Amino acid sequence: MDLDSLPDCVVQHILSKLSNADDVASCNCVCKKWKHSMSYRKSLCFPRGVFENLTGAQTPDSIVMQMVSSASQLEKLVVCCPFTDAGLASWLLAVGSSLKKLELRFTANKHCRAEVECLGAARNLTSLRLLRVVITRSPKWDVFQKLQKLEIYETEMEDSGFMEALRATPNLTRLVVSHCRGLSTICIELLELQHCKFDVYGINDRSLTLKAPKIEFLKVGGCNCIRVDTVNCLKTLSINTWHYNVAKVELGDNLMALESLCVKGDKWGTDLMSKILQLATQVKHLRVEAAVPFPEIDFVDFFKSHPKLKSFYICGGIIDALCNNHMTSIKNVDSSFVIPCLEEVVISLSEKHTLNAKNKSRMIESLLKYGNKLKNININVWTSPSKDDCAVDFSKDIHRTDMDSLPDGVVRHILSRVSNAKDVAFCNYVSNKWKHKSLCFPSGIFENLTGPQTPDSIVMKMVSSVSQLEELVVSCPFTDTGLAAWLLVVGSSLKKLELHFTADGSPRTGLECLGAAKNLRNWRNFIEIHGARLEDSGFTEALRGTPNLTRLVVTRCRGLFTVCIELLELGHCEYHVENSSSPSLTLKAPKIQHLKVDGCNCIRVENASCLKTLSIDTGGSNVTMVELGDNLMALESLCFRDYGSPSDVISKILQLATQVKHLQVGDFWINHEVVPFPEIDFVDFFKSHPKLESLDIRGGIIDAICNNHMTSIKNVAISSKSKLYTGLASAKKLRVDSSFLIPCLEEVTTALTEKQTSNAKKKSRMIESLLKYGNKLKNINIKISTHNMDDDGAFDFSKEIQRLKSLFVFLIVY
């Protein structure tokens, strides 16, 4: 497609996305229009090797200077090629006032030095990244009041120069010093700092003192002494000191906010790691790799003092510390002991730590026994080709092929994944130890059944063989008598029940006997009914027996007419009825957050103050009433599909849903004709829905927006904040309403049929306005459904859209 046929603003926006220096240089040579448009680019990048084949009198410094000078408001500059101090100073003098992000990667040979003393000219920087530069003396920087991110990599520094650089950046929130050398004694004092990574190396001892009351993330590597004054807000801490002696770590006495802790090292001082573990009682993710001997740890006390622990990675001496005292620790443990949150354990062993294989396997058994949420245990055994005897013994103990020789907890964990009735039947004959707590009878399991036994009797026999059955799934034919018998046997222990009745032509199955399963968790918290035949009185009575429901799903059910659902705890409701005459739904649920209704003519929700998601799909039936009250301020997602009703109903809901983020309005059909929609003022619509992020419109609402579109935007000019039209000369001719902008819209989808492709100009102008005022718009999807591409309206509209097609417009023609 010829870019010159696009509007100037679209060409400008496309070209403003280019940042690579080679691409920018090529575009400058195309025509004056493109060269003028390139001046509006916001970023410029000179990648490594861009000047390798440079010939002539020009130098890299002069070329960079020429290109940065051509940008009117350059905000980001990345230089990954050799440069001089004088060259850098001249660039910053030209664009320093507008520059917000600067990245300097010095890649010349080791005999060259790149110093950055002239950065003071870019006083509006918010982000600065330096790689392989030199900071050996105090830089002549002014104070960077707006600088929030400073990252320094592989740089040679001295204490005085680095400290002076930090004094010039008092408002830093993120500081990264990685793989740098030359530093010895550093004190970082930054009141706004939240994220800090400090990784240094060298032959001398190194110490770090951090004074940052808002610090949340801290990662330290290569330091011998670490001191953090205030850790009240610290959430993530990582200390990695391999090959360096750690003499002191001071973190205060308050690590209550710490959620993730990682300590690694082979030369830690006595009890330093142990002390940190004692303070971090609220930690959720813990990783300890210690090659040094570790003080003995009481297994039970450790998990009692770390009740929120979710993931646990241990390597080295801490494994022996937990295992050596393990049997004594759990010998007299009370029955209430449990590891409440632990989900994942990783144990990494080398040859030196594979002694006492029995102790280690028993500790693993205890983790399985007491970790009621444990999902995964990974055991890594690292051995050399010499086949160390201890390592081989431990590997044999862990990797036994005979499951009966495994600890009971391991066997239970493996077999707990088996639920299919046939598999369970086989396992039940192995040993009593293999018996199970869940059963599933899939559809068709009894198709080839012969002999006097019936499905009811077989299910009864299997459920009776399990002492504490917790979950039962039956997807095969059953009778009322059979169901009643099963529930009488296992109803007291049953927590989850799923019944799929699949017989054809058999007597209907009632559920009067469910009262025997009084401990059903999913019955108390949620009910799902699919494809059932219901009556108003029976359904209403069932709901009265479940007053604490939080989730209710009724899909593709028949027989319901006038239903009132009154559940005080209900948060999620899906209600889909079929083949009913004028069904109505009244919902009294003050905590309802998600509501999906399909097939109802009358919908009434008494309290929608908490409603976040609303979807109404009527399946072609006429909707005569939708009452949602006057408070839809919490609504974030609204969807209307296949809506056969007067459009005033949905128009009223749109006026109330001012905070909606995701809006989908489908076709409006009555008697196979698209229902006209009341005209919508383009500007007022987006002003009244400021948080709208995605918009999917089809049918009459498209015409409603397009018909009044030109009148609506007649006196609205382009906002000064718009990224698409910044600096456009034609904007000066319009009356300015700088307050209008579509601030959050990111995606628009429209679908048109042949009948809706008339007035192609109006629709294309509306799309152009979306591009103009949507400063975050990323994608417009236009779908044209047509059986005859010779249709004049469809053809004209396709031509108009092709004129606007760009990075933002994706066209699908069916």
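How many aromatic pairs does a search of the whole structure find? Here are my notes, with the answer in point 1.

1. Keep in mind as you look around that this is a predicted model. As for the question, searching the whole structure turns up eleven aromatic pairs. One aromatic cluster is worth finding on screen: it is made of Phe299, Phe302, Phe303 and Phe312.

2. While you have the rings in view, have a look at Tyr313. Arg287 lies over the face of this ring, at 3.8 Å from the ring centre.

3. Next, the open sheet. It is formed by four strands in the order 26-28-30-32, and their pairing is parallel. Strand 26 (562–566) and strand 32 are at the edges; each has a single partner strand, so one side of each has no neighbour in the sheet. Going from one strand to the next, the twist averages 10°.

4. Let's zoom in on one pairing from that sheet. Strand 26 and strand 28 (residues 584–588) run parallel and are joined by five bridges. If you want a spot to check by eye, try Ile565, which stands opposite Leu587 in strand 28.

5. Now for helix 19, which covers residues 648–656. Which of its residues are buried? They are Val649, Ile650, Ser651, Ile653 and Leu654. A handy thing to remember while reading that list: an α-helix has 3.6 residues a turn, so residues three or four places apart point the same way.

6. And what do the buried residues of helix 19 pack against? Their partners are three strands and a helix: strand 32 (625–627), strand 33 (637–641), strand 34 (662–665) and helix 21 (700–707). You've met strand 32 already, as one of the edge strands in point 3.

Definitions and conventions. Residues are numbered from 1 along each chain as its sequence is written. This is a predicted model: local features need pLDDT of at least 70, side-chain atom pairs count only at pLDDT 80 or more; totals for chains, interfaces and linings use all residues. Side-chain values use heavy atoms; hydrogens and water are left out. Buried means under 20% relative accessible area, exposed over 50%, partly exposed in between (1.4 Å probe, protein chains only). Helices (H or I, at least four residues) and strands (E, at least two) are DSSP runs, numbered from the N terminus. Contact means heavy atoms within 4.5 Å. Rings of Phe, Tyr and Trp (its six-membered ring) pair if their centres lie within 6.5 Å; planes under 30 degrees apart count as stacked, over 60 as edge-to-face and the rest as tilted. A charge sits over a ring if NZ of Lys or CZ of Arg is within 6 Å of the ring centre and within 35 degrees of the ring normal. Two strands pair if DSSP finds at least two bridges between them. Axes are lines fitted to C-alpha atoms, for helices over the stretch in contact, and angles run from 0 to 180 degrees between N-to-C directions.
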